[in-house]
Amino acid sequence: MTQCVEVVRALKSVHPESAAIGVDELPGEGHRIRLSGAWRNNSLGPLLQNDGRLVPTNGGKSVEVDLNAVSEMDMAGAWLIRRFIAVRQKEGAEVKLTGGTSAMRELLRVLPEDVKHPPPPPAKGPLFQRLFAPAGKVMVDLWSDVVAMMFVLGSAVHGAQTKLGRGSGISPASVVTQMDHMGVRAVPIVALMSFLIGAIIAQQGAFQLRYFGAEIFVVDLVGILQLREIGVLLTAIMVAGRSGSAITAEIGSMKMREEIDALKVIGLNPIGVLVFPRLVALTIVLPLLTILANFSALYGAALVAWSYSGITFDVFTTRLHSAVDYSTVASGMIKAPFMALIVGIVSAVEGMKVGGSAESLGRHVTAAVVKSIFVVILVDALFAMFYSAIDF
């Protein structure tokens with residue numbers, strides 16, 4: 001018997017009894033509106049007529065709305081009743097509520113009288129403004145990002161409290177933890193990608209140089225290109241996509257949960273606590289990952305050169321030593337700390353911009369990756385022009 005009652009209740013919750021209306025005449029040009037049934041969203045279909053009005057609103061100086069027979073009411077049903085009451089009151093009728101539970105009456109009381117319509121869209125400005133306003137907004141946002149990056153860098157160093165004689169300085173535990181997340185766990189993907197890239201460059205280079213009988217120069221091509229440009233650039237791009245997005249997501253989620261405000265309340269600098277360990281970790285692991293990427297790419301190139309062109313490992317190593325000098329290695333490694341700082345700062349700035357919605361978090365994570373990769377490539381181009389100017 002108990003199971004049958006539960007089944008009946010479940011069926012009623014899925015298919016509730018329909019809402020109904022009865023109208024009684026009252027002396028003195030009044031009406032009594034008797035409401036019954038379940039006033040819920042899935043049982044109001046037959047009543048949504050007359051522009052959503054319960055009964056025609058003309059006539060009658062007083063209206064009594066009787067809720068005694070209403071079994072259930074949700075927001076949709078309460079809104080329909082509240083709108084009817086507001087319309088009759090605007091027409092000058094006196095409306096009185098009777099019956100119903102206290103929850104129903106409180107729900108009707110707190111609902112607004114009418115829907116607030118959105119403001120009309122702003123009028124279109126002149127053609128000149130519509131053409132150049134987006135470009136001006138981009139430049140203002142770019143300047144704001146630059147200022148925010150400088151602020152994050154300065155606040156990170158200042159907030160670390162690394163002055164001599166201070167008891168609180170860099171937290172080794174947090175730095176080592178970030179090095180594990182950003183460096184150690186990135187070793188497989190960086191090594192695999194660099195191996196494949198080195199192998200592809202060697203294969204394509206040997207295929208083109210074969211027409212000139214100069215396949216041995218593929219060693220020079222791979223060595224110089226990988227050590228000067230490709231190694232550090234692609235490593236920074238992979239770190240930006242992997243670790244930069246993680247930094248933005250972590251800081252952004254903490255900002256959404258107001259954990260950053262909590263750090264401020266207890267007297268800590270959020271940038272020094274959250275950003276500085278990540279910047280230190282990135283500055284350490286990115287050069288190390290670049291070295292690993294260079295070795296992986298050269299190994300992949302040597303393997304392809306041996307299998308595709310018959311260049312043995314001894315010949316490959318000897319030719320590489322003659323083609324590459326100290327400046328080739330140093331020119332690539334000098335870029336690594338700068339690119340690490342760029343990825344960390346851009347990601348932290350985007351994380352601090354996150355609002356209170358999941359959409360904002362996703363948008364700023366995407367912006368962090370895109371901006372980091374763009375700035376990394378731009379800095380690499382500036383370094384290339386600088387090295388050419390000083391003949392390095």
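## Exercises on a predicted model

Glu259 has a relative accessible area of 30% and is therefore partly exposed. The structure is a predicted model, and the exercises below start from this residue before turning to other parts of the protein.

**Exercise 1. State which residue shares a salt bridge with Glu259, and classify that partner by its accessibility.**

Step one is to find the partner: the side chain of Glu259 meets that of Arg257 in a salt bridge, with an N to O distance of 2.8 Å. Step two is to classify Arg257, whose relative accessible area of 53% lies above the 50% limit, so Arg257 is exposed. As a further example, Arg210 and Glu215 also meet through their side chains in a salt bridge, at 3.6 Å from N to O, and Arg210 counts as partly exposed because its relative accessibility is 40%. A search for such bridges gives 15 in the structure.

**Exercise 2. Work out how Asp145 is placed and which residues are linked with Asp145 in a network of salt bridges.**

Begin with the location: Asp145 belongs to helix α4, which covers residues 127–159. With a relative accessible area of 9%, under the 20% limit, Asp145 is therefore buried. Next come the neighbours: when residues up to four places away in sequence are set aside, Asp145 touches Lys353 and Lys371, and its side chain is joined to that of Lys371 by a polar contact of 3.0 Å. Lys353 in turn forms a salt bridge with Glu350, where the closest N and O atoms are 3.5 Å apart. Of these two, Lys353 is partly exposed at 33% relative accessibility, while Glu350 is buried with a relative accessible area of 2%. Putting the steps together, the network of salt bridges links Asp145, Glu350, Lys353 and Lys371.

**Exercise 3. Describe the ring pair of Phe338 and Phe383, and say which residues form one aromatic cluster with them.**

The whole structure contains six aromatic pairs. For Phe338 and Phe383, the ring centres are 5.5 Å apart and the planes stand at 55°, so this pair is tilted. The two rings link distant parts of the chain, since Phe338 sits in helix α12 (residues 335–352) and Phe383 in helix α13 (residues 358–390), 45 residues apart. Phe338 is partly exposed at 44% relative accessible area, whereas Phe383 counts as buried at 14%. The rings of Phe386 and Tyr387 are likewise tilted, with centres 6.2 Å apart and planes at 50°. Together, Phe338, Phe383, Phe386 and Tyr387 make up one aromatic cluster.

**Exercise 4. Identify which element gives the most to the largest nonpolar core.**

The largest nonpolar core has 41 residues, and Val275, Leu282 and Val376 have the most contacts inside it. Two or more residues come from each of α4, α7 (218–256), α8 (259–265), α9 (270–309), α12 and α13, and among these α9 gives the most, with 11 residues. Leaving aside neighbours within four places in sequence, Leu282 is in contact with residues including Val239, Ile247 and Val343. A second, separate core of 20 residues includes Trp39, Trp79, Leu80 and Leu111.

**Exercise 5. Decide which element has the lowest mean pLDDT.**

The protein has a mean pLDDT of 82, and 86% of its residues reach 70 or more. Among its elements, helix α1 (residues 2–14) has the lowest mean, at 42, and helix α6 (residues 187–209) the highest, at 92. Over residues 1–15 the pLDDT is below 50, and this stretch has three contacts beyond near neighbours in sequence. Where pLDDT is low, the predicted coordinates should not be read in detail.

Technical notes:
Residues numbered from 1 in each chain as written. Predicted model: local features only at pLDDT ≥ 70, side-chain atom pairs only at ≥ 80, totals over all residues. Heavy atoms only, no water. Helix = DSSP H or I, 4+ residues; strand = E, 2+ residues; numbered from the N terminus. Buried < 20%, exposed > 50% of the residue type's maximum accessible area, 1.4 Å probe, protein only. Polar contact = N/O pair within 3.5 Å; in protein donor to acceptor, adjacent residues only side chain to side chain. Contact = heavy atoms within 4.5 Å. pLDDT = per-residue confidence, 0-100. Phe/Tyr/Trp six-rings, centres within 6.5 Å; stacked < 30°, edge-to-face > 60°. Core = buried A, V, L, I, M, F, W, Y, C linked by side-chain atoms within 4.5 Å. Salt bridge = Lys/Arg side-chain N within 4 Å of Asp/Glu carboxyl O.
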